[in-house]
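The following exercises invite the reader to work through a structure step by step. Each task is followed by its solution.

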Amino acid sequence: MNRNLLEVRGLRKSFGALLASDHVALEVREGETHAIIGPNGAGKTTLIAQLAGELRPDAGEVRFAGEDITALSAPARARRGLARSFQITSIYPDFSALENVMLAVQAHAGSSFRFFRAARGEQALRTPARGLLEEVGLGARADMPAASLAHGEQRALEIAMTLAGRPRLLLLDEPVAGMGAEETQRMIAFLATLKGGKTIILVEHDMDAVFSLADRVSVLVYGRIIASGSPAEIRANAEVRRAYLGEEAAE
Amino acid sequence: MSPRHRVLALALGLLLLAAVPPVASLFNQPFYLDLVRRIMIFAIAAASLNLILGYGGMISFGHAAYLGVGGYAVGVLAHYGVVDGVLQWSLAVCASALVALVIGAVSLRTSGVYFIMITLAFTQMLYYLGISIEEFGGDDGMRLAGRSRFPGIDLGDSDVFYYLVLAILVLVLFFGHRLVNSRFGMVIRAARSNEARTRAIGFSPYPYRLAAFVIAGAVCGLAGALLVNHTAYLTPEFMNWTRSGELMFMVILGGMGSVAGPVLGAFALLVLEDLLSGWTQHWQIILGPLLVLSVLFFRRGLAGVIFGRHE
Amino acid sequence: MNFVLVLEQTLNGLQLGVMLFLMAAGLTLVFGIMNLVNLAHGSFYMIGAYLATYFTQATGSYLLGAVLGLAGTLAVGIAVDFAALRTLYEREHLDQVLATFGLILFFNELVAMLWGRAALYTTIPEYLSGHVDLLPGLRYPLYRLVIIAVGLAVAGLLWLVVARTRLGMLIRAGASNRAMVSALGINIRLLYTVVFGFGAALAGLAGLMAGPIYVVQPGMGELILIEVLVVIVIGGIGSIRGALAGALIVGMVDTFGRAFLKPALAMVLSPAAAQAAGPALASMLIYLLMAAVLALKPQGLFPARL
């Protein structure tokens, strides 16, 4: 039960002269909530992109539930239960909130090469989608066009879509980005309910979120993981303080 | 406009179209029957383009190629003495689907500017192919050896042919409507709206887009079969890239991503062309800037104006 | 097939190639820097041919006619940029395609109104006509050699400007990162106008040189435009090096295909089959080439951007 759900070894990615990922190694146990923190420009987005399958690494491997998924595309990884949310809200603005989630459900609910029956009416899609919207607190806003939702609501919609299809691993890229204090607390509380049942990799700047949610924390600086351990261990780590928390203390 | 009003408006439009033959014969103006029939055939072609362009966001500048493939399938068979309509039109549809499959498979691996240029280039290739085959008239084209024959339906009868086209148009619009709201249609529309998101939830757009491309090509091939029967003349000009541009304008002017749009667009553009060409032989000098202005200022299209926000 | 024939076709291929390059260079820069799909580029080719013919007849001098034709095309290019294209730079590609399509209709009809739809007859001046003895047995038209020379000279000039001058540096920077160039405070508007005008002039140059050997009539631009698009796709959008490579490849393949495919097929097929298939296949050759290149390198041979 407590084996590694995600294993990353020797991940390397360069953009010309810039080494964005420098032999990144990571182990995430099943059921664990693992936070990745690091200063701006550390390469967090590049790392997430490689884990999600959007970007091919130059070298290294990514294993998911024991399977080597390094060569798999993003859609293929999503179908295997590796879901991601985006740092900059990425939803379907012209569809309603419900339709947004229904689409995410649809990807895991059998073939989409169906050409006649109206998708909007399918209970097999509607019911789970409604459920997910209720979970993230958007039940009342189900029929609103996604573009007209408030920023915090859109981030919640983003999470609901990420949860569709019951993924085993959630890759959350700054889920509370741009949220106010109250919304942030609500999101953190919600994510806390997912702990244990789902494996979560959380990339965040917000230290509240990190230290209240994470079981373990890895610190990424200049494309390298310089430390990995419990939140308390990371807080105490001198190198980390210097590279990252030290900057924050100086602010 | 509420859904009920929209249905009423569509029903009204249908009624008007159905009334054209009796009205035209009442006033002894067969020209208008011909004109509207021609417009409806192009509306079918535009509707097929609407699937990939309007809903799918794929800027295919080579769609007229399938008018040619369909037309040539019928014309070539007729040339060799095969006039069975079912056989001819089946071949028109299948050949168009096959060509669309090949062109789509190559083109859809690219995107953006490349995609536009490649689809244009492939169409031109087919056009040159059509011109170079002397057997079928080269760039002059040739007369259709004989109209397609169906049991019980005489395409030589103007009215009968008109109603056949109308029936096909209605079917195309109906199935098109079901298609864009089906699971498949939702993926296509999602891929257009936000491709990164669509990949992230687990859909690889390529197979769906390719399927849509093939469906659109096949339906346009059917339009080509209708067109060649309508004009009774087969020419590579069916595939001219300016024809592709016209089809795109019909989709845009009519309003992208709406079911009625292509019909409105076909009417608007072809009626406009007809009026202008009656006015002066240099009508394109007026049409050109009008099209430019419509792109700059009238992007919502007619359906957007008449029906309001449509989903 | 003999050596002289091959050499002659090589020169023909080179001549077609440099003309394609003149057009491709402008078009690819406009794509790459301004992200503008300009289908009306072929219209400048046509306008160059027509204006040069008109001015040559008006002034009696080919050279003067050529210069005025070039200047006129440049003026038209700048006018089009001002009047129609300014708003299109920010629009999505679909809008650009449709709007420039409208421009094509306009220009074709304008030319037809002014000079009629029939093909215009243009002559090569006395001092440029005639043949040159390149090798024993190979007499090649002087005019075509001049075209090759001019084309290569312009290519060299273009390389000089792009690689060695400040303007060229801006162009290269703009091709790989437009936003950055703008953020650096460079007058983007002016840069765009210069690039666009320059591209139009190059197309006009190709047109006025093409006049005497190809057909001068409304719609001539679109015929060559498709080949130019193939060149750019093969060479890579936004890259002048790609435009040159693509142009020479397409020029050669097309010329050799048209000259040698039918006789080559006749060696394996019956004469009737070769007669039917030869021209058809030859006309399809460059598109098949394009598909093949794309299968291996979807961004073209020398893409400007990563």
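**Exercise 1: A helix and its sheet**

Describe how helix 1 of chain A is placed relative to the strands.

Solution. Helix 1 (residues 44-52) of chain A lies across strand 1, strand 2 and strand 4 of chain A. Helix 1 runs at about 60 degrees to strand 2 of chain A, where axes are lines fitted to C-alpha atoms, for helices over the stretch in contact, and angles run from 0 to 180 degrees between N-to-C directions. Helices (H or I, at least four residues) and strands (E, at least two) are DSSP runs, numbered from the N terminus.

The model is predicted: local features need pLDDT of at least 70 and side-chain atom pairs count only at pLDDT 80 or more, while totals for chains, interfaces and linings use all residues. Residues are numbered from 1 along each chain as its sequence is written, and chains are lettered from A and ligands numbered from 1 in the order in which they are written.

**Exercise 2: The order of the strands**

State which strands form the open sheet of four strands in chain A, and which are its edges.

Solution. The order is 2-1-4-5, with antiparallel pairing; two strands pair if DSSP finds at least two bridges between them. Strand 2 (18-29) and strand 5 (67-68) each pair on one side only, and are thus the edge strands. Within the sheet, strand 1 (residues 4-15) and strand 4 (residues 59-64) of chain A are joined in the antiparallel sense over five bridges. A:Arg12 has A:Ala59, in strand 4 of chain A, as its bridge partner.

**Exercise 3: The side that touches chain B**

Determine how many residues of chain A are in contact with chain B, and what kinds they are.

Solution. Contact requires C-beta atoms, placed from the backbone, to lie within 7 Å. By that criterion, 27 residues of chain A are in contact with 19 residues of chain B. Helix 2 (74-79) and helix 3 (97-106) of chain A each supply at least two residues of this side; helix 2 gives the most, with four residues. The side divides into 15 nonpolar, six polar and six charged residues (Ala, Val, Leu, Ile, Met, Phe, Trp, Tyr, Cys and Pro count as nonpolar, Asp, Glu, Lys and Arg as charged, and the others, Gly among them, as polar).

**Exercise 4: One residue**

Is A:Ile88 buried or exposed?

Solution. A:Ile88 is in the loop between strand 6 (82-85) and helix 3 of chain A. A residue is buried if 20 or more other C-beta atoms, placed from the backbone, lie within 10 Å of its own, exposed if 12 or fewer, and partly exposed in between. A:Ile88 has 10 other C-beta atoms within 10 Å, and is therefore exposed.

Key. Contact = placed C-beta atoms within 7 Å.
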